[in-house]
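Work through the following exercises on a protein and its ligand. Each task is followed by a solution in steps.

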Amino acid sequence: MSTRSRIAVLASGRGSNLQAILAAIEAGRLDAEVVAVLSDKPDAPALHHVASERRWARSPKAFADRDSFDAALGDALAGFRPDWVVCAGYMRILGPAFVARFAGRLVNIHPSLLPLYKGLHTHARALEAGDAEHGASVHFVVPELDAGTVLAQARVPVEPGDSPETLAQRVLAVEHPLLIASLQWLVAGRVAEREGQLEVDGHPLFIPLRLDCAGKLNG
Ligand code: GRF
């Protein structure tokens, strides 16, 4: 039986982070398998990166309320028996019951240097603030939006003349290696989260790991 980690990905859109995961697996750089892609958008392009039996997508409009959608998503997700659940461009807030059900194995990639710019429009907000640097974070998910403990970050410079689009492109280019490097540590069992405190190799992590130019994480 395979011992590779079973990764499920939640995605609402394009799926470039999912593609990065699949490419890393294919290249032998990530000892894992993408067992499912789940979406709140039945037409999400991300779904097409995996075989149909590994897809689940429903519109929340078909459900009575947020909790019943979350329960259906959670049941489908549990059926794929994931070791790790990765939110990669999943644009819907996950309710507390869902988060509790997958606690400790639920991570998200967010396009900002958290705790800065939780929520939407992060690139425009970094530009408006006149920040010299921007970036992306991989964090554990808690019920409060984008507020969970940050495992790792990657930084990019803000260049003169940047628009939200050019800045988003520069951030996306580091998101992919950041997500892969984070997943390498997670699937290797090097990271544990206990009540909001992260431990790496058994030691408390007080500041996020940083991605270096070679695509490796450093403490
Ligand atoms: C990424 O910037 C991710 O950080 C954000 O949404 C975007 C998704 O991109 N949450 P993709 O669907 O992985 O291409």
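**Exercise 1.** How far is an oxygen atom of the ligand from a polar backbone atom of Asn 17?

*Solution.* The model is predicted, with local features requiring pLDDT of at least 70, side-chain atom pairs counting only at pLDDT 80 or more, and totals for chains, interfaces and linings using all residues. Residues are numbered from 1 along each chain as its sequence is written, and side-chain values use heavy atoms, without hydrogens and water.
Step 1: the distance at Asn 17 is 2.9 Å, a polar contact (a pair of N or O atoms within 3.5 Å).
Step 2: at Gly 15, a backbone N or O atom is 2.8 Å from a ligand oxygen atom.
Step 3: for a polar backbone atom of Ile 109, the distance to an oxygen atom of the ligand is 3.4 Å.

**Exercise 2.** Identify the residues around the ligand and classify them.

*Solution.*
Step 1: with one heavy atom within 4 Å as the criterion, the residues are Arg 14, Gly 15, Ser 16, Asn 17, Gly 89, Ile 109, Pro 111 and Glu 175.
Step 2: this shell comprises two nonpolar, four polar and two charged residues, where Gly counts as polar.

**Exercise 3.** Relate the ligand shell to the domains.

*Solution.*
Step 1: the chain is divided into domain 1 (1–102) and domain 2 (109–219), with bounds from an automatic or database domain assignment.
Step 2: the C-alpha centres of domain 1 and domain 2 are 20 Å apart. Their contact (heavy atoms within 4.5 Å) takes 21 residues from domain 1 and 16 residues from domain 2.
Step 3: each of these domains contributes at least three residues to the shell around the ligand.

Methods:
Polar contact = N/O pair within 3.5 Å; in protein donor to acceptor, adjacent residues only side chain to side chain.
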